[in-house]
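Please read the points below with the structure open beside you, and look up each place as it is named. They are written as a colleague's note for someone new to this kind of reading.

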Amino acid sequence: MTHSPGWIRLTAGIPLAWALLICRMPGKDALPGDDSRPIRALLVVGGCCHDYAKQKEVLTTGISARANVQWTIAYDPDTTTSHVNPVYEKEDWDKGFDVVVHDECSADVKDLMVINRILDPHRKGLPGVVLHCGMHCYRSEGFPKTVTPWFEFTGLQSTGHGSQRPIAVSFVDKESPVTKGLKNWTTINEELYNNSAGKLLDTAHALAQGEQGRMASVVAWTNLYNKRTRIFATTLGHNNDTVGDARYLDLVTRGLLWSVDKLDEAHLKPAKKVLLDEASGPGK
């Protein structure tokens, strides 16, 4: 899905403390079919339980060091599970992006109007990446007894996790373009998310499994959403040291490139800069 460049603007009345970072899209010389231009990615990040202020920098710089990806960061420092990232207040919040990385933690945002606004661009073909607590978001009515709209998007239903202990990560599909060349590893103390239905959705495909003692769950996979949209997802990534681990960044980078069908040598090269333009906060 090709999106034309544009601005993300703050809605009037949003407090200055909501640090939504705004970056301007490339100019008219960035043609939709031009493989030399950077992939334009939106990172939606913030919410409960994680050091998102640090992780937003680690993720974007780490991925841009590996691939020709430049970013807009929509960071919401609200630490509750019930707050909607302000970026979603615009109907065309997705305008100008090639892919959206969902790294928010908003389990108690249950309004279907909001959820549908988030999902509609993806239903129409906008690729997505879902990281860690993004899997525990948007638990609308019917969760967990039925597969609610957000989990149709992610490709896996998860309800929680146990204590933090090392996770042995093993790739179950070593021939996937995403995992090819990657090696099994064991994380530091991390959260192993459950697979509450016992399996992925039929639209999803397992890439890696995580084992933590006697517990085992799929921890990385791809999903074909709405019969058209590529989604890469991983439940790994609670702690800063895991997010900054080169093995984690390699996996997420390859998953992102796969989602936009650009997993090739032309795009596996560092971006010239991390942000699409100089970031500016509210009131700047």
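Where does His 132 lie?

1. This is a predicted model, and the note begins with one loop. His 132 lies in the loop between S4 and H3, and with a relative accessible area of 1% this histidine is buried, since buried means under 20% relative accessible area. The phi angle of His 132 is near 45°, which is a positive value in a residue other than glycine.

2. Tyr 138 is also found in the loop between S4 and H3, and this tyrosine too has a positive phi, of about 55°, although it is not a glycine. With a relative accessibility of 2%, Tyr 138 counts as buried.

3. The loop between strand S4 (128–131) and helix H3 (149–154) holds Pro 144 as well. When you reach this proline, look at the bond that comes before it, for Phe 143 and Pro 144 are joined by a cis peptide bond, with omega at about 0°.

4. From His 132 it is natural to go on to His 50, because the side chains of these two histidines make a polar contact at 3.1 Å, and His 50 is itself buried, with a relative accessible area of 15%. His 50 lies in the loop between S1 and H1. If its neighbours within four places in sequence are left aside, His 50 is in contact with Gln 55, Cys 105, His 132, Cys 133 and His 238.

5. The next points turn to charged pairs. Side chains of opposite charge can pair when their charged atoms come close. How many salt bridges does a search of the whole structure find? The search finds twelve, and a few of them are described below.

6. One of these joins the side chains of Asp 98 and Arg 40, with 3.1 Å from N to O. The pair links distant parts of the chain, given that Asp 98 is in the loop between strand S2 (69–76) and strand S3 (99–105) while Arg 40 is in strand S1 (residues 39–47), 58 residues apart. Both partners count as buried: Asp 98 has a relative accessibility of 10%, and Arg 40 has one of 2%. This bridge does not stand alone, as Arg 37, Arg 40 and Asp 98 are linked in a network of salt bridges.

7. Are the two partners in the salt bridge between Glu 57 and Lys 56 buried or partly exposed? Their side chains meet at 2.6 Å, N to O, yet the two residues fall into separate classes, for Glu 57 counts as partly exposed at 35% relative accessibility, whereas Lys 56 counts as buried at 9%.

8. A further salt bridge brings together the side chains of Asp 250 and Arg 66, with 2.6 Å from N to O. Asp 250 lies in helix H5 (residues 246–259) and Arg 66 in the loop between helix H1 (52–64) and S2, so the pair ties together parts of the chain that are 184 residues apart in sequence. Asp 250 counts as partly exposed, at 29% relative accessibility, and Arg 66 is likewise partly exposed, with a relative accessible area of 23%.

9. Helix H5 also contains Thr 253, which counts as buried at 2% relative accessibility. Leaving aside its neighbours within four places in sequence, Thr 253 is in contact with Ile 63, Arg 66 and Ala 67, and Arg 66 is the arginine of the salt bridge with Asp 250. Thr 253 and Gly 62 are 191 residues apart in sequence, while in space they are 8.5 Å apart, C-alpha to C-alpha.

10. The last point concerns an opening in the model. Which residues line the second largest pocket? They are Ser 36, Pro 38, Asn 68, Gln 70, Lys 269, Pro 270, Ala 271, Lys 272 and Lys 273, and the pocket has a volume of about 160 Å³. By kind, the lining residues divide into three nonpolar, three polar and three charged.

Notes:
Residues are numbered from 1 along each chain as its sequence is written. This is a predicted model: local features need pLDDT of at least 70, side-chain atom pairs count only at pLDDT 80 or more; totals for chains, interfaces and linings use all residues. Side-chain values use heavy atoms; hydrogens and water are left out. On a 1 Å grid over the protein atoms alone, a cavity is a set of points where a 1.4 Å probe fits but cannot get out, and a pocket is an open set with protein on both sides within 12 Å along at least five of seven lines; lining residues have an atom within 4 Å of a point. Grid points are joined across faces, edges and corners, and a volume is the space filled by probe spheres set on the points. Ala, Val, Leu, Ile, Met, Phe, Trp, Tyr, Cys and Pro count as nonpolar, Asp, Glu, Lys and Arg as charged, and the others, Gly among them, as polar. A salt bridge is a side-chain nitrogen of Lys or Arg within 4 Å of a carboxyl oxygen of Asp or Glu. Helices (H or I, at least four residues) and strands (E, at least two) are DSSP runs, numbered from the N terminus. Buried means under 20% relative accessible area, exposed over 50%, partly exposed in between (1.4 Å probe, protein chains only). A polar contact is a pair of N or O atoms within 3.5 Å; within protein, one must be able to donate a hydrogen and the other to accept it, and residues adjacent in sequence count only if both atoms are side-chain atoms. Contact means heavy atoms within 4.5 Å.
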